[in-house]
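Colleague: I would like to look closely at a single part of this model with you, and I would be glad of one long, connected answer that a first-year student could follow.

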Amino acid sequence: MPGLIKGPALFLAQFAGDDAPFNSLEAITKWAAGLGYKGVQIPTFDGRLFDLDLAADSDSYCDEVKGICADAGVAITELSSHLQGQLVAVNPAYDTAYDAFAPEHVKGKPAARQAWAVDQVTKVAKVSRKLGLDVSVSFTGSLAFPYLYPWPQRPAGLIEEAFAELGRRWTPILNTYDDNGVDIGFEIHPGEDVFDGATFEMFVDAVNGHQRAQINYDPSHFLLQQMDYLSFIDIYHERICAYHVKDAEFNPDGRQGVYSGYQPWLNRAGRFRSLGDGQVDFKGIFSRLATHGYESWAVLEWECCLKSPEQGAAEGAPFIRDHIIEVTDKAFDDFAGGEVDKAQIKKMLGLNK
């Protein structure tokens with residue numbers, strides 16, 4: 001059955017800052033509501049907006065967060081644990097870079113950092129339940145991604161062991177999500193070991209088909225890989241539990257293509273854009289999601305190398321609102337068929353002679 005998508009909603013991570021109205025949950029939710037957003041996706045890794053550890057220990061704090069959002073006139077769509085999820089699995093080549101996502105007391109200590117990340121992601125499951133949410137969003141992390149391009153040839157078994165290890169790390173976490181009745185939508189994203197449909201299937205196999213392992217659908221990452229992001233919905237719609245509305249463009253030339261030649265974002269062949277400024281077919285996406293019965297939130301994740309975040313956010317709410325399809329319960333010409341009894345049907349088919 002077709003589904004009515006909820007929205008527009010806004011992922012707050014890219015807008016959090018030290019200046020008002022971006023430095024507190026109360027102020028930023030009122031700002032978002034003023035732009036026309038009906039929901040907010042809250043990053044659990046930014047203490048200016050949300051204290052995950054306090055939320056895990058304090059029901060009154062969770063009630064306070066719900067009250068702040070309700071007073072602003074927005075719903076909480078999901079909690080995001082993208083940065084903590086990334087740290088559940090880190091290849092040593094990325095240790096220094098990903099230490100930037102970790103608190104000071106575990107930096108330079110990969111085992112302690114991983115244990116902290118597992119604890120954080122586990123808390124998101126429990127806090128989501130406290131907040132009355134049944135979906136969260138995250139990353140899988142990456143052990144194999146440095147070996148993406150097979151030159152030199154990868155040793156036999158390397159990829160298999162990487163995904164087996166992902167399975168070992170994520171299965172107990174997913175069990176906690178199941179205990180709390182919460183899905184975790186993994187953003188399919190280059191840099192993660194799960195970056196397309198094939199790798200998502202490998203991950204699902206590694207966690208023994210766990211039903212809490214779902215997808216946070218973001219077409220921008222598929223366009224930059226030159227994937228068929230509409231067919232992706234047809235194939236994986238039963239696992240799509242969240243939707244990041246993010247635009248992108250891909251303009252290859254004689255100098256660079258998908259890998260974009262180590263260029264800064266402004267000069268890349270593939271780059272993220274504000275909604276409506278890129279090449280993503282959002283009419284097709286909203287139609288395909290509605291057709292398959294997706295009824296959760298459409299959440300703007302804003303990233304653009306040209307436009308300011310303030311302009312991108314202001315334009316994003318009406319863009320999403322205008323793309324949400326008010327689904328009908330019947331086709332326009334259904335009246336023509338009418339209702340007839342079985343005898344009449346046989347007569348129409350010439351079966352009663």
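Colleague: How many bridges join strand 1 to strand 10, and do these strands run parallel or antiparallel? Please start there and then work outwards to what surrounds this part.

Modeller: Please keep in mind from the start that this is a predicted model. Strand 1, which covers residues 6-11, is joined to strand 10, residues 297-300, by 3 bridges, and the two run parallel. Within this pairing, alanine 9 has valine 299 as its bridge partner, while leucine 10 stands opposite leucine 300. As general background, the strands of a sheet pair through backbone hydrogen bonds, either parallel or antiparallel.

Strand 1 also pairs with strand 2, residues 39-43, and here again 3 bridges join strands that run parallel. In that pairing, phenylalanine 11 stands opposite glutamine 41 of strand 2. The chain passes between these two strands by way of helix 1, residues 25-34, and strand 1, helix 1 and strand 2 together make a right-handed β-α-β unit.

If you now step back, these pairings belong to a closed barrel of 8 strands, which runs in the order 1-2-3-4-5-6-7-10 with parallel pairing. Neighbouring strands of this sheet are turned against each other by 35° on average, with direction ignored.

Is strand 1 mostly covered or mostly open? Strand 1 is mostly covered, since 5 of its 6 residues are buried. Helix 12, residues 309-323, lies across strand 1, strand 7 and strand 10, and runs at about 155° to strand 10. Helix 11, residues 282-291, lies across strand 6, strand 7 and strand 10, and its direction is at about 160° to strand 7.

The backbone of strand 1 deserves a careful look as well. Proline 8 has its place in strand 1, and the peptide bond that leads to proline 8 from glycine 7 is cis, with omega near 0°. A second cis peptide bond runs from alanine 20 to proline 21, with omega near 5°, and proline 21 lies in the loop between strand 1 and helix 1. For comparison, most residues other than glycine have a negative phi, and most peptide bonds are trans.

The ends of strands 1 and 10 lead us to the aromatic side chains, and a search of the whole structure finds 20 aromatic pairs. One of these is formed by phenylalanine 15 and tryptophan 302, a tilted pair with 6.1 Å from centre to centre and 45° between the planes. Phenylalanine 15 sits in the loop between strand 1 and helix 1, whereas tryptophan 302 sits in the loop between strand 10 and helix 12, so that the pair links distant parts of the chain, 287 residues apart. Both phenylalanine 15 and tryptophan 302 are buried.

Another pair, tryptophan 170 with phenylalanine 186, is edge-to-face, with 5.0 Å from centre to centre and 85° between the planes. Because tryptophan 170 lies in helix 7, residues 158-179, and phenylalanine 186 lies in strand 5, residues 183-187, this pair ties together parts that are 16 residues apart in sequence. Both tryptophan 170 and phenylalanine 186 are buried.

Strand 5 is also the place of glutamate 187. Glutamate 187 has a relative accessible area of 2%, and it counts as buried because that value is under 20%. Leaving aside neighbours within four places in sequence, glutamate 187 is in contact with several residues, among them His82, Ser138, Asn216, His244 and Glu301. The C-alpha atoms of glutamate 187 and alanine 242 are 8.9 Å apart in space, although these residues are 55 residues apart in sequence.

To finish, it helps to set a buried loop residue beside an exposed one. Aspartate 196 has its place in the loop between strand 5 and helix 8, and at 16% relative accessibility aspartate 196 counts as buried. Not counting residues up to four places away in sequence, aspartate 196 touches Ile188, Gln225 and Met227. Asparagine 208, by contrast, is exposed, with a relative accessible area of 67%, and lies in the loop between helix 8 and strand 6. Asparagine 208 also has a positive phi of about 55°, although this residue is not a glycine.

Conventions: Residues numbered from 1 in each chain as written. Predicted model: local features only at pLDDT ≥ 70, side-chain atom pairs only at ≥ 80, totals over all residues. Heavy atoms only, no water. Pairing = 2+ DSSP bridges. Helix = DSSP H or I, 4+ residues; strand = E, 2+ residues; numbered from the N terminus. Axes fitted to C-alpha atoms, helices over the stretch in contact; angles between N-to-C directions. Contact = heavy atoms within 4.5 Å. Buried < 20%, exposed > 50% of the residue type's maximum accessible area, 1.4 Å probe, protein only. Right-handed = clockwise from strand over helix to strand, strands pointing away. Phe/Tyr/Trp six-rings, centres within 6.5 Å; stacked < 30°, edge-to-face > 60°.
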